[in-house]
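Got the viewer open? Here's a walk through the model, one selection at a time.

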Amino acid sequence: MGGTRKTGRSNGGGAGPARPSAAAVLGHEIRGPLGAVVALSDLLLARDLPGDQRGLVELIRLAGSHARAVAEDLVDDAGLSSGRLRPAAAAFEPAETARTLAALWAPLAGAERPVEVRCADDLPPRIVSDERRIRQILFNLVSNATRYAAGGAITLRVARSARGIVFEVRDEGGGPAEPGGGLGIGLSVSRRLAAALGGRLRLARRRTGTVAQLEIPVVLDAANPDEGRTAAPAPTAEVVPAAPRPTPDWPLARSEALVVDDSAISRLLMTAMLTSFDMAVSSVSGGGEAEAFVAARRPDVIVMDWSLAGETGAEVIDRLRRTLGEAMPPIVLVTGERRLPPVAGIAARVAKPFTPRELFEALSGALRPARAVAAVR
């Protein structure tokens, strides 16, 4: 989960992997700590905070998300330039993506200038594409709109198109379509990300403001056929909870998790998240400590980073399997890598950066089959 990319093995062959640029290394190093700031803000927002404190945490979350987006742009800029970036397609709800993004910006925009969300009636409820990249592009576009809207309204519209889905960000301001301030990397990366997704990003300067359109080809989620979707209401100023709230049928209560990560900050963050899920948590820094732990006590689930100091996740899993055999618990892998070799025993993967809710859902899915088997026995 941490910043430094650590593996004890090379891919072999030739002169080895190309040396990453300084910007890519910087982006990779700061992405982890910034992700921790956002995730911890999510945990705080899941609590019943007084109004003034909630507003401050919402601003911390927004600022952290903005800085993390810059880090993502730096990393993706290097990946796009080298041709290594590959989209990771999965099913998601485009309307929910738009609403969550708008709610994230609500504390800055204020009640007088919210980011209004409008979704077409025939919008499919779920589509398959790379939601994280789409969210990254939209974050850049909304950020641009809030900077140059000059107090005017901002609208995020989602609709069908002949080629797939169109996300449109429209502001009623007077700023340029492509501002030259700041790093100047966001829009460039967004354009290339759109192309990597098989789509296109268009920006147009109009008398009333700027219109940015992200059009991407998508496929419908086969498990959820197109049923249409009514227009989404505009979000309120309250941030959409990114951390789950306890319910009577809480699925993770009293489960024990072992966290394997060589970053002390990441272990503390993961412990805070899992404890908020009402789980018992132990943590170790590497494969040797993990092996010793499971030899003494078997956890219900193992949450581990893929890139550890001097070893890979696959090597750690092999060590644990030799110790536990058939009693091997499910493994939830947390990784920033997009392409990993197939490894048996991985019940779920959580891609960095992630929210507490995404981790919660991965853990729930990983533990559900194990609990079903235990109930039968």
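Start by selecting Gln136, which sits in helix H4, residues 131-148. Keep in mind that what you're looking at is a predicted model. Is Gln136 buried or exposed? Its relative accessibility is 6%, under the 20% cut-off, so Gln136 counts as buried. Now show what surrounds it: setting aside neighbours within four places in sequence, Gln136 is in contact with Ala69, Glu72, Asp73, Asp76, Val189 and Leu193. While you're there, draw a distance to Gly186: the C-alpha atoms of Gln136 and Gly186 are 9.2 Å apart, although 50 residues separate the two in sequence.

Next, jump to Thr155 in strand E4, residues 154-160. Thr155 has 11% relative accessibility, so this residue is buried too. Light up its contacts beyond four places in sequence and you'll get Glu116, Arg118, Glu168, Val169 and Arg170.

Now go to helix H1, residues 22-45. Try a quick sanity check on its length: at 1.5 Å a residue, 24 residues should span 34 Å, and the end C-alpha atoms are 35 Å apart, which agrees. Where does H1 kink? Look at Arg31, shortly before the proline Pro33, where there is a kink of about 30 degrees.

Time for the sheet. Colour five strands in the order E10-E9-E11-E14-E15 and you have an open sheet with parallel pairing. E10 and E15 (346-351) are the edge strands, each pairing on one side only. Neighbouring strands in this sheet are turned by 20 degrees against each other on average, ignoring direction.

Zoom in on E9, residues 256-260, and its partner E10, residues 280-284: the two run parallel and are joined by five bridges. On its other pairing, E9 runs parallel to E11 (residues 301-305), with four bridges between them. Pick Leu258 to see both pairings from one residue: Leu258 stands opposite Ser282 in E10 and opposite Ile302 in E11.

One step along, select Val259, also found in strand E9. With a relative accessible area of 2%, Val259 is buried. What does Val259 touch beyond four places in sequence? The contacts are Met270, Leu274, Val281, Ser282, Ser283, Val284 and Val303. For one of them, Leu274, the C-alpha distance to Val259 is 9.5 Å, with their positions 15 residues apart in sequence.

Now add the helices. Select helix H6, residues 264-276, together with E9 and E10, and you have a right-handed β-α-β unit. H6 lies across E9, E10, E11 and E14 (331-335), and runs at about 165 degrees to E10. Helix H7, residues 287-296, packs on the sheet as well, touching E9 and E10, and its direction makes about 160 degrees with that of E9.

Last stop: Asp278, in the loop between H6 and E10. What is special about its backbone? Most residues other than glycine have a negative phi. Asp278 isn't a glycine, yet its phi is positive, near 70 degrees. At 44% relative accessibility, Asp278 counts as partly exposed.

Note on methods:
Residues are numbered from 1 along each chain as its sequence is written. This is a predicted model: local features need pLDDT of at least 70, side-chain atom pairs count only at pLDDT 80 or more; totals for chains, interfaces and linings use all residues. Side-chain values use heavy atoms; hydrogens and water are left out. Two strands pair if DSSP finds at least two bridges between them. A crossover is right-handed if, with the strands pointing away from the viewer, the path from the first strand over the helix to the second runs clockwise. The expected span of a helix is 1.5 Å times one less than its number of residues. The bend at a residue is the angle between axes fitted to the seven residues ending there and the seven starting there. Axes are lines fitted to C-alpha atoms, for helices over the stretch in contact, and angles run from 0 to 180 degrees between N-to-C directions. Contact means heavy atoms within 4.5 Å. Buried means under 20% relative accessible area, exposed over 50%, partly exposed in between (1.4 Å probe, protein chains only).
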